[in-house]
Amino acid sequence: MIRALLGAAGLTGAAATAGWFVLARVQGDSEIGFGPSTVIGTSEGAVHAEVELVNRGREAGVIRKVDGILVEGPPGRVLVTRKDSQPPQRGWWVSNILKPGERCVAEIDVELVGPGPGPVIVALDVHEIGRRLLVHRRTRLTLPVGVAAPAS
């Protein structure tokens, strides 16, 4: 009796999951993409840049957090903060919802442990929640170190 109930519950759950995937395919989903990046300032041991995040999908999506790691270059750490948010510290991503076509800007601070030859390559990982539970969107940015940033 218990096995029959568990089997029926499993089939119901599988049908609900399959239905959800069909709904997402028919109605669309969010798709967070990367827009242009801009180097704001550089010094011997740090780089400050910005990259635009845009929802190119047909539904709203949540950017839960953005992680950054150094792929190439001197050792250090990468802090990603949403521009115009009120985080308790740098590197704290404040979740936000982007409707289709909306944009936000991620501020990237690269703090190097010591001087080294540039450029540095940073990998960004955006944790997006839409109709699908969690999607990782990744990109790589090449940032100069120790050169003057162009005046804007």
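This passage describes the strand pairing, nonpolar core and salt bridges of a predicted model.

In the first of the arrangements treated here, four strands form an open sheet in the order E1-E2-E6-E4, and the pairing is antiparallel. Strand E1 (32–43) and strand E4 (76–82) are the edge strands, each pairing on one side only. From one strand to the next the twist averages 20 degrees.

Within this sheet, E1 and E2 are paired in the antiparallel sense over nine bridges. The connection between E1 and E2 is a hairpin of two residues. One of the bridges between these strands places Thr42 against Val47, its bridge partner in E2. On the other side, strand E2 (residues 46–55) pairs with strand E6 (residues 103–112), again in the antiparallel sense and over nine bridges. Several positions along this pairing can be specified. His48 is opposite Asp109 of E6, Glu52 has Val105 of E6 as its bridge partner, and Leu53 stands opposite Cys104, also in E6. E4 is joined to E6 by seven bridges, and these two strands run antiparallel. Here Leu79 stands opposite Asp109 in E6. Asp109 thus has His48 opposite it and also Leu79.

Burial was examined for E2 and E6. Of the ten residues of E2, eight are buried, so this strand is largely enclosed by the rest of the structure. In E6, seven of the ten residues are buried, so E6 is likewise largely enclosed by the rest of the structure.

Another open sheet of four strands has the order E5-E3-E7-E8, with antiparallel pairing. Strand E5 (96–98) and strand E8 (135–143) lie at its edges; each has a single partner strand, so one side of each is left without a neighbour in the sheet. The twist in this sheet averages 40 degrees from one strand to the next. Strand E7 (residues 120–129) and E8 run antiparallel and are joined by nine bridges. Along this pairing, Ile121 is found opposite Thr142 in E8.

The largest nonpolar core contains 24 residues, of which Leu53, Ile63, Trp93, Val110 and Leu143 touch the most other members. Two or more residues are given to this core by each of E1, E2, strand E3 (61–72), E4, E6, E7 and E8. The greatest contribution comes from E6, with five residues. Leu53, which stands opposite Cys104 in the pairing with E6, is among the core residues that touch the most other members. The surroundings of Ile63 were listed with its neighbours within four places in sequence left aside. On that basis, Ile63 is in contact with Ile32, Leu53, Trp93, Ser95, Asn96, Leu98, Cys104, Val126 and His127. These contacts include Leu53 and Trp93, both also named among the core residues that touch the most other members.

Side chains of opposite charge can pair when their charged atoms come close. In this model the count comes to nine salt bridges. One of them is formed by the side chains of Glu52 and Arg103, at 2.7 Å from N to O. This pair links distant parts of the chain, with Glu52 in strand E2 and Arg103 in strand E6, 51 residues apart. Arg103 has a relative accessibility of 52% and therefore counts as exposed, the cut-off for that class being over 50%.

A salt bridge is also formed between Arg131 and Glu59, whose closest N and O atoms are 3.5 Å apart. Arg131 lies in the loop between E7 and E8, whereas Glu59 lies in the loop between E2 and E3, so the pair ties together parts that are 72 residues apart in sequence. The two partners fall into separate accessibility classes: Arg131, at 18% relative accessibility, counts as buried, while Glu59 is partly exposed, with a relative accessible area of 26%.

In the salt bridge between Asp67 and Lys65, the closest N and O atoms are 3.9 Å apart. Asp67 counts as partly exposed at 31% relative accessibility, and Lys65 counts as partly exposed at 30%. Finally, Arg90, Glu107 and Asp109 are joined into one network by salt bridges that share partners. Asp109 of this network is the residue of E6 that stands opposite His48.

Technical notes. Residues are numbered from 1 along each chain as its sequence is written. This is a predicted model: local features need pLDDT of at least 70, side-chain atom pairs count only at pLDDT 80 or more; totals for chains, interfaces and linings use all residues. Side-chain values use heavy atoms; hydrogens and water are left out. Two strands pair if DSSP finds at least two bridges between them. Axes are lines fitted to C-alpha atoms, for helices over the stretch in contact, and angles run from 0 to 180 degrees between N-to-C directions. Buried means under 20% relative accessible area, exposed over 50%, partly exposed in between (1.4 Å probe, protein chains only). A nonpolar core is a set of buried Ala, Val, Leu, Ile, Met, Phe, Trp, Tyr and Cys residues joined through side-chain atoms within 4.5 Å. Contact means heavy atoms within 4.5 Å. A salt bridge is a side-chain nitrogen of Lys or Arg within 4 Å of a carboxyl oxygen of Asp or Glu.
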